[in-house]
Structure formats: C-alpha cells, structure tokens
Amino acid sequence: MGRSYQIIMLENKVFSCFVFYSVLLVIKMYIIAIITGQVRLRKKAFANPEDAQRHGGVQHFREDPDVERCRRAHRNDMENIFPFLFLGAVYSLIGPSLVVAHAHFLVFFLFRVLHTVAYLCVLRAPTRSLAYVITQVPCISMAVQILACVFWLYR
C-alpha cells in the first residue's frame with residue numbers, strides 16, 4: 001500500500017510540491033494554536049471555567065484582546081487554508097506546469113506567513129490586508145483553471 005503512494009508522489013511532481021507547501025501551512029496553523037495557548041497562560045485569560053479554576057480562579061475565565069487576536073489569526077487561516085488545500089489538490093490533478101503550480105503554492109504560502117506575522121505582531125495597515133488579497137490570487141487562478149478544465153472535459 002505504501003508503494004502506491006510513493007508512485008503517485010513521484011509521478012506527479014506538482015502534487016508532491018502541493019503536499020510540501022500544504023504540510024508547511026498545517027504546521028503553521030499548529031504553531032498559531034500553540035501561541036494562542038501560551039498567550040492564554042501568560043495573560044491568564046481562559047475560555048473555560050475549569051481551566052481558569054486550575055490556573056488561579058474563576059476571575060481568569062475571561063476574554064483578552066491579545067488572545068482574541070491570536071484566535072482571529074487562527075480562524076482566518078482556517079477560512080483560507082482549508083479552501084487552498086482542496087483547490088491545490090484538485091489543481092494538481094489537472095496537469096498544470098510544475099513551474100506555474102509551484103509559483104501558485106509558494107505565493108500562497110509566503111503571503112499566508114506574512115499575513116500571520118502582520119496579524120500577531122500588529123504590523124501597520126495595509127500589510128495584513130495586502131497579504132490577504134495576494135493569497136487570493138493563486139486560489140482564484142486555480143479555481144478558474146479547474147472550472148475551465150471541467151467545462152472543456154464535459155463539453
């Protein structure tokens with residue numbers, strides 16, 4: 001069974017490239033989750049009463065602006081990375097150029113990282129917004145190419 005996955009990965013370089021960037025994006029999301037937890041602990045701002053009780057009392061069952069910023073960054077990742085994972089996987093199967101596909105995946109990855117840094121470090125506007133818009137370009141491009149491929153296939 002493992003051999004068939006190796007064959008798929010070796011024969012489809014675009015898919016291998018996609019998997020590489022997808023795993024990096026998932027790791028980035030885990031890192032934000034860890035950062036959120038660390039900020040909760042540092043600020044003593046817990047989402048659940050039992051956690052607050054464990055760390056000093058129910059007065060720590062509260063919201064904190066820094067924790068909420070981390071949560072918004074994580075939620076924004078989920079709203080953008082999950083669609084990328086679907087689009088990138090399907091896009092990898094329609095036979096795009098490796099160079100073009102790599103550019104799509106790299107741009108998305110780099111600007112998602114920039115978006116996160118801008119969010120968590122409170123960088124001056126419009127850094128975060130610009131990073132967000134740029135990450136939409138490869139996703140829209142992949143979506144259009146997938147739709148065109150499907151359209152021409154079933155025409």
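1. A residue is called exposed here when its relative accessible area is over 50% and buried when that area is under 20%, with partly exposed in between; the model to which these terms are applied is a predicted one. By this criterion tryptophan 152, at 58% relative accessibility, counts as exposed, whereas phenylalanine 151, with a relative accessible area of 46%, is partly exposed.

2. On the aromatic side chains in general, the structure holds nine aromatic pairs. One of them joins phenylalanine 18 and phenylalanine 84, whose ring centres are 5.9 Å apart and whose planes meet at 45°, so the pair is tilted. This pair links distant parts of the chain, since phenylalanine 18 belongs to helix H2 (residues 13–43) and phenylalanine 84 to helix H4 (residues 65–93), with the two positions 66 residues apart in numbering.

3. Both partners of that pair are buried by the cut-off of under 20%: phenylalanine 18 has 6% relative accessibility, and phenylalanine 84 has 0%.

4. Phenylalanine 151 and tryptophan 152, introduced above for their accessibility, also form an aromatic pair, and this one is edge-to-face, with 5.2 Å from centre to centre and 80° between the planes.

5. Phenylalanine 18 and phenylalanine 84 are also members of a cluster linked by ring pairs, which includes Phe15, Tyr91, Phe105 and Phe108 as well.

6. A contact of another kind involves tyrosine 119, over whose ring the charged end of arginine 128 sits, 4.4 Å from the ring centre.

Definitions and conventions:
Residues numbered from 1 in each chain as written. Predicted model: local features only at pLDDT ≥ 70, side-chain atom pairs only at ≥ 80, totals over all residues. Heavy atoms only, no water. Phe/Tyr/Trp six-rings, centres within 6.5 Å; stacked < 30°, edge-to-face > 60°. Helix = DSSP H or I, 4+ residues; strand = E, 2+ residues; numbered from the N terminus. Buried < 20%, exposed > 50% of the residue type's maximum accessible area, 1.4 Å probe, protein only. Lys NZ or Arg CZ within 6 Å of the ring centre and 35° of its normal.
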